[in-house]
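Colleague: Before we go through the helix packing, could you put the sequence and the model in front of us?

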Amino acid sequence: MNTYQMYINGHWVGENLDSIEVKNPADDQVVGSVPYAGEKETNEAINVAYTAFQEWSRLTAYERSDYLRKLYKLMMENEEELAEIMTKEMGKPIKESRGEVKYAASFIDWFAEEGKRVYGETVPSHAGNKRLQVWKKPVGVVGAITPWNFPAAMLTRKMGPALAAGCTVVIKPSSESPLTAIKLVELCEQAGFPKGVVNLVTGSSSKIAKAMMENKKVRKITFTGSTEVGKLLIRQSADQVKKLSLELGGHAPLIVLDDADIETAVKGAVASKFRNAGQTCICANRIYVQSGLYDRFVEKFAEEVQKLKVGNGLDDSVDVGPLINKDGFDKVVDHVQDAKDKGANVVVGGEAYSEAGSMFYTPTVLKDVNGDMAVMQEETFGPVAPIQKVETEEEAIKLANGTPYGLAAYVFTENVARGMRVIEQLDFGIVGWNDGAPSAAQVPFGGMKESGYGREGGHEGIEAFLESQYVAIGL
């Protein structure tokens with residue numbers, strides 16, 4: 001078993017602290033341990049990040065870009081090692097882990113350039129003896145709290161723009177999958193980032209978050225996780241009016257209208273639903289199919305789902321890995337049983353896949369689903385695809401919007417006017433139109449309603465780490 005450490009002020013520390021074991025959910029084997037830190041260590045990291053900010057923020061955008069470009073190059077050179085670490089600590093199929101490393105690196109690549117595009121403004125003056133300008137300044141020390149399900153991409157999507165903008169960072173990865181983040185910070189060290197610019201602490205989520213929220217030197221928190229925790233951070237941020245970017249829970253609808261290309265719809269639904277065993281914030285959780293296409297879609301979708309191979313993610317041929325832990329597994333079991341009790345029929349799966357291990361569940365397709373079932377009311381976060389028949393696009397829109405969440409939605413139709421009409425009425429920050437995998441570094445990622453606020457990626461992604469300063473110059 002490998003023993004890992006935290007990274008504070010350019011040093012690997014924490015060997016004297018209690019530790020947390022990190023286990024592979026595929027076989028319950030311990031793959032490493034990390035220090036169990038709290039408020040003291042977090043405040044140490046914040047203090048050095050605050051000191052480092054004074055110099056880092058004064059570098060030119062081109063100088064900061066050079067560091068990020070080195071990091072990008074190192075990530076691509078270490079793609080296989082990063083992917084293996086990711087698969088071992090959280091179960092994701094190795095081919096998906098490789099894809100995530102590329103996706104994660106694309107944020108570093110994008111923001112290495114986007115940092116050079118931070119423009120201020122010269123504003124026409126109302127008086128002849130004044131000149132009006134708007135300057136852009138980095139917000140300061142950033143606390144980045146990341147989830148277990150995308151341990152590389154969720155980190156670089158936050159770290160990339162923060163560093164490019166001139167901020168310094170204190171990273172808190174999930175205790176379920178901290179090893180990928182530690183490896184990424186090792187690569188930051190190899191890239192030569194100055195001491196204190198990038199820091200990482202592991203341990204108690206509540207204590208580390210508390211220190212970040214209470215320390216006035218932290219001016220920005222960027223968080224991906226549950227809506228419940230996001231609401232807690234909002235309340236805690238009020239005392240200091242601390243800036244927040246929040247990417248929270250989702251309950252994505254996928255609408256298939258009767259003029260959709262069925263092959264495209266099936267392919268998109270499979271890609272969206274079963275990536276990472278359904279453990280993504282934007283995966284399709286509720287599938288609404290118009291009655292004219294319902295039976296054919298269910299049949300063809302089930303055929304494709306049956307082809308998915310379940311097993312240990314280190315096997316290159318595996319499509320679906322384990323659930324992250326027993327709580328996640330039990331939720332899937334409960335949702336499927338509730339649906340069956342209320343009249344849903346299992347087309348494919350519907351049971352644990354004990355041949356592979358205790359945390360595996362067979363990719364499942366449910367038909368004859370209705371809105372009273374838990375699977376249609378709550379985010380399942382597992383490989384279960386519930387399909388409900390709808391008669392009209394109006395009904396589909398109403399059901400799709402009937403949730404407090406608004407992160408992602410999917411629409412399949414070949415009619416351009418119809419597609420635009422439907423999407424205009426959907427209250428979701430991300431929409432895939434005939435596309436089950438819409439994410440990319442160059443576009444804004446984020447939700448509406450209780451799915452959070454702020455955007456990551458695209459040119460909007462760096463704005464979250466900048467302050468606008470208006471300057472009036474008297475002549």
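**Packing around one helix**

Modeller: In this predicted model, the buried residues of α3 are E79, L82, A83, I85, M86, T87, E89 and M90.

Colleague: Which elements do the buried residues of α3 pack against?

Modeller: Two strands and three helices share this role, and I list them in sequence order. The buried residues of α3 pack against β4 (19-24), β5 (29-35), α2 (61-77), α4 and α6 (179-191).

Colleague: How many residues does α3 have, and what end-to-end reach is found from its first C-alpha to its last?

Modeller: At 1.5 Å a residue one would expect 16 Å for this helix, and the model comes close to that. The count is 12 residues, and the reach is 17 Å.

Colleague: Is α3 oblique or perpendicular to α4?

Modeller: The axes of α3 (residues 79-90) and α4 (residues 94-114) come within 8 Å and cross at roughly 125 degrees. Roughly perpendicular pairs have angles of 65 to 115 degrees and roughly antiparallel ones have angles over 145, so the relation of α3 to α4 is oblique.

Colleague: Which residues make that contact, and how many of them are charged?

Modeller: From α3 come E79, E80, L82, A83, E84, M86 and T87, while α4 contributes I94, S97, R98, E100, V101 and K102. Sorted by class, the contact of α3 with α4 holds 5 nonpolar and 2 polar residues, and the number of charged ones is 6.

Colleague: Is the crossing of α3 with α4 left-handed or right-handed?

Modeller: Handedness is a separate description from the angle of roughly 125 degrees at which the two axes cross. As α3 passes α4, the crossing is right-handed.

Colleague: How does α3 run relative to α6, parallel or antiparallel?

Modeller: The axes of α3 and α6 also come within 8 Å, and they cross at roughly 160 degrees. An angle over 145 degrees is the cut-off that matters here, and α3 is therefore roughly antiparallel to α6.

Colleague: What is the number of nonpolar residues in the contact of α3 with α6?

Modeller: On the α3 side the residues are E81, L82, I85, M86 and E89, and they meet L179, T180, K183, L184 and L187 in α6. By class, this contact of α3 with α6 has 3 charged residues and 1 polar residue, and the nonpolar count is 6.

Colleague: Turning to strand β23 (residues 466-474), where E467 is found, is E467 buried or partly exposed?

Modeller: Beyond its neighbours within four places in sequence, E467 is in contact with W135, K136, K137, V139 and K243. Its relative accessibility is 31%, so E467 counts as partly exposed.

Technical notes
Residues are numbered from 1 along each chain as its sequence is written. This is a predicted model: local features need pLDDT of at least 70, side-chain atom pairs count only at pLDDT 80 or more; totals for chains, interfaces and linings use all residues. Side-chain values use heavy atoms; hydrogens and water are left out. Axes are lines fitted to C-alpha atoms, for helices over the stretch in contact, and angles run from 0 to 180 degrees between N-to-C directions. Helices (H or I, at least four residues) and strands (E, at least two) are DSSP runs, numbered from the N terminus. Angles under 35 degrees count as roughly parallel, over 145 as roughly antiparallel, 65 to 115 as roughly perpendicular and the rest as oblique. A crossing is left-handed if the near helix is turned anticlockwise from the far one by less than a right angle, and right-handed if clockwise. Contact means heavy atoms within 4.5 Å. Ala, Val, Leu, Ile, Met, Phe, Trp, Tyr, Cys and Pro count as nonpolar, Asp, Glu, Lys and Arg as charged, and the others, Gly among them, as polar. The expected span of a helix is 1.5 Å times one less than its number of residues. Buried means under 20% relative accessible area, exposed over 50%, partly exposed in between (1.4 Å probe, protein chains only).
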